[in-house]
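User: I want to learn how to read helix packing and a core from a model. Where do we start?

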Amino acid sequence: MKNTALKIGFICCFLTICAFLPQANAQKIAFVDSNYILQNIPEYSDAQAQLDTQSKEWQKEIDAKFSAVEKLYQNYQAEAVLIPEDLRKQKEKEIIDAEKAAQALQMQRFGSEGDLFKKREELVKPIQDKVFTAIEAIAVEKNIGIVLDKAGAVTMLFANVKHDISDDVLIKMGYGYNIKR
């Protein structure tokens, strides 16, 4: 019974593949290198510089908060033996609260939905959208069915450069290509 179901499943898969094989042969495939494209767009470099500057400022702010927590802890250790129990508990709570505030600020700035993520969306996403629009337009012009990006997780064992449309994308967007591969 199990063997029969397996055979039927195999036959269905084979027939499905055969049905779409002629259409797959008709599709043209091209690829781009989005890192190369973005490196040749001055606005992207400016956005990255802006993000780096902002990130460093926020990191300094966070480091200062954690330094303040460390100083509170060192002061507490120095006086812990000399102060009464209720004051010790109060200082411990103050240290814990300051550490939580520093961690919260770190998440606010660098968390998955934090300020850096939002700033990157604000600065980089419009550029990425323009790149995608240019890729789409070229794919339509050249009757390309599939465009792969070799910069990401796609593994290409071989890519003939005649199918690389990265320079076409830059030209379509009005840029030259200063950075060579």
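Analyst: With a cut-off: contact means heavy atoms within 4.5 Å. Note that this is a predicted model. By that cut-off, what covers the buried residues of α3 includes α2, α4 (85-110) and α5.

User: Which residues of α3 are buried?

Analyst: Buried means under 20% relative accessible area. In α3 that holds for Tyr 44, Ala 47, Leu 51, Gln 54, Trp 58, Ile 62, Val 69 and Tyr 76.

User: What should the 38 residues of α3 span?

Analyst: Count 1.5 Å a residue; the expected value is 56 Å. The end C-alpha atoms of α3 are 56 Å apart, which agrees.

User: At what angle do α3 and α5 pack?

Analyst: Angles over 145 degrees count as roughly antiparallel. Here the angle is about 175°, and the axes are 9 Å apart. That makes α3 roughly antiparallel to α5.

User: How do the residues of that contact divide?

Analyst: Into eight nonpolar, three polar and four charged. On the α3 side they include Tyr 44, Leu 51 and Trp 58; on the α5 side, Leu 116, Arg 120 and Ile 127 are among them.

User: Which elements supply the largest nonpolar core?

Analyst: A nonpolar core joins buried residues through side-chain atoms within 4.5 Å. This one has 25 residues; Ile 37, Ile 41, Val 131, Val 169 and Met 173 touch the most other members. β1 (29-32), α2 (34-39), α3 (42-79), α5 (115-141) and α6 (166-172) each supply at least two. α5 gives the most, with nine residues.

User: What is Ile 41 in contact with, leaving aside its neighbours within four places in sequence?

Analyst: Ile 127, Val 131, Leu 170, Met 173 and Tyr 175.

Definitions and conventions. Residues numbered from 1 in each chain as written. Predicted model: local features only at pLDDT ≥ 70, side-chain atom pairs only at ≥ 80, totals over all residues. Heavy atoms only, no water. Buried < 20%, exposed > 50% of the residue type's maximum accessible area, 1.4 Å probe, protein only. Helix = DSSP H or I, 4+ residues; strand = E, 2+ residues; numbered from the N terminus. Axes fitted to C-alpha atoms, helices over the stretch in contact; angles between N-to-C directions. Parallel < 35°, antiparallel > 145°, perpendicular 65-115°, else oblique. Nonpolar A, V, L, I, M, F, W, Y, C, P; charged D, E, K, R; others polar. Expected span 1.5 Å × (residues − 1).
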